[in-house]
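Colleague: Could you walk me through how to read a few features here? I'd like the general idea, then the case in hand.

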Amino acid sequence: MRTKNEVNRRLFLKWANLVGLAAWFPAAAKSSPIPVPVQDANPVHPGEASQAKELRSPETILLKDYRPKSIYKIPVTQIDKAKYPIIDMHSHPYAKTPQQIEEWIRDMDEVGVQKTVILTMATGTEFDDIYRKYSKYPDRFEMWSGLDLSGYNQPGFGPAAVKELERCRQVGARGVGEIHDKGSGLVSGKSKAPGMHPDDTRMDALWERCAELGMPVSLHVADPIWMYQPMDKTNDGLMNAYHWRLDNKPNIVSLSGMIDIFDRTLARHRKTTFIACHFANLDYDLARLGEMFERNPNLYADISARYAETAPIPRFASKFYEKYAARLVYGTDMGFEKPMYRVTFRILESLDEHFYEIEQFDYHWSLNGFGLSGDTLKQVYHDNAAKLLAARAEHPE
Ligand SMILES: [Zn+2]
């Protein structure tokens with residue numbers, strides 16, 4: 001997931017930009033003998049007025065300050081509402097108060113999101129509290145619980161964790177997620193199991209019970225490839241990679257190793273439906289994800305928080321979407337602001353080229369739309385998720 005801090009940081013960056021443009025320029029123009037032309041001044045943050053001149057030199061512009069603007073006179077598509085009703089399969093309890101939850105629902109209505117799946121990652125009273133807040137709107141939100149992994153290294157681990165899963169199901173959890181393993185072991189919110197990976201036999205009873213209870217599992221394995229690579233001038237995703245770096249953790253399982261673990265988990269628990277969060281972090285190697293789909297009928301993938309990572313390769317990505325349209329589900333994982341949803345629509349629906357969304361995604365690349373077909377959009381936005389959620393009704397309570 002994008003942590004609360006990360007979302008806050010993004011909001012702050014947006015806010016700082018707005019404040020910078022609104023509040024700083026008039027003051028700078030007054031104090032500077034030479035008025036600063038607005039188009040040159042964009043990269044300058046408040047309080048950095050004295051550096052304005054240096055920042056204009058390509059020798060001194062820092063990557064973090066680089067804010068290119070497209071020069072191309074080409075169509076710009078504004079999509080306020082998604083082409084088909086959406087089921088968002090990857091979100092978190094971002095709204096904390098009843099007012100914020102109502103605001104979220106208004107945003108969902110405006111942009112065309114019918115239902116949002118809240119991956120709480122929580123168990124116990126933490127889950128119950130979140131459930132209580134959102135359950136007032138059962139048609140708009142559904143809550144998935146975490147797993148209680150405590151005692152994972154004690155003999156006899158399993159029955160108590162299964163019991164807590166059953167209790168969460170009783171309260172109203174309809175799936176499990178988001179469970180993480182970034183290479184050092186399973187994590188479910190505050191519950192951690194260092195060294196225990198999803199294919200571990202100690203997890204057998206839990207994954208099997210998920211299937212019996214009709215609870216799909218949203219599983220996040222590894223992280224984007226750039227985070228494992230050297231933090232040097234060749235790193236294609238340096239700005240975000242450094243923030244989430246894993247290259248300084250030599251003892252974790254590699255990205256490729258985590259995919260192998262995931263593959264074994266899928267083969268071992270055929271009745272359990274797994275949703276790989278963020279394309280299983282194979283957005284850089286979608287062909288490998290395609291092979292996983294071919295091998296594992298119990299696998300879906302959500303496309304959340306990997307828009308900027310796939311938009312640089314629109315032709316390859318759109319072919320992948322069309323080929324595996326039945327296996328991909330829409331997700332966001334990036335708060336609930338309307339502009340966030342709309343950027344995802346622009347990438348999926350339009351054929352716009354070379355546009356920047358640095359404030360939204362933090363990457364310095366330009367993005368491109370996929371122009372997905374109506375059939376594919378309908379499946380990814382809605383139909384696959386609807387099928388997956390409806391299938392659970394066949395399972396006993
Ligand atoms: Zn997430």
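Modeller: Gladly! Let's begin with burial: buried means under 20% relative accessible area, exposed over 50%, and partly exposed in between (1.4 Å probe, protein chains only). Here, H90 and E178 are both buried. This is a predicted model, where local features need pLDDT of at least 70, side-chain atom pairs count only at pLDDT 80 or more, and totals for chains, interfaces and linings use all residues. Residues are numbered from 1 along each chain as its sequence is written, and side-chain values use heavy atoms, leaving out hydrogens and water.

Colleague: Which residues coordinate the zinc ion?

Modeller: Donors are N, O and S atoms within 2.8 Å of the metal (3.2 Å for Na, K and Ca); water is not among the atoms, so sites may look incomplete. The zinc ion is held by H90 (NE2), H92 (NE2), E178 (OE) and D333 (OD), at 2.0 to 2.4 Å. Of these, H90 in strand β1 (residues 86-91) and E178 in strand β4 (residues 176-181) link distant parts of the chain, 88 residues apart. Strands (E, at least two residues) and helices (H or I, at least four) are DSSP runs, numbered from the N terminus.

Colleague: What is special about the peptide bond between G177 and E178?

Modeller: That bond is cis, with omega about -10 degrees.

Colleague: And where is F279, buried or exposed?

Modeller: F279 lies in the loop between β8 (274-276) and α10 (286-295). Its relative accessibility is 1%, so F279 counts as buried. Its phi is near 55 degrees, a positive value in a residue other than glycine.
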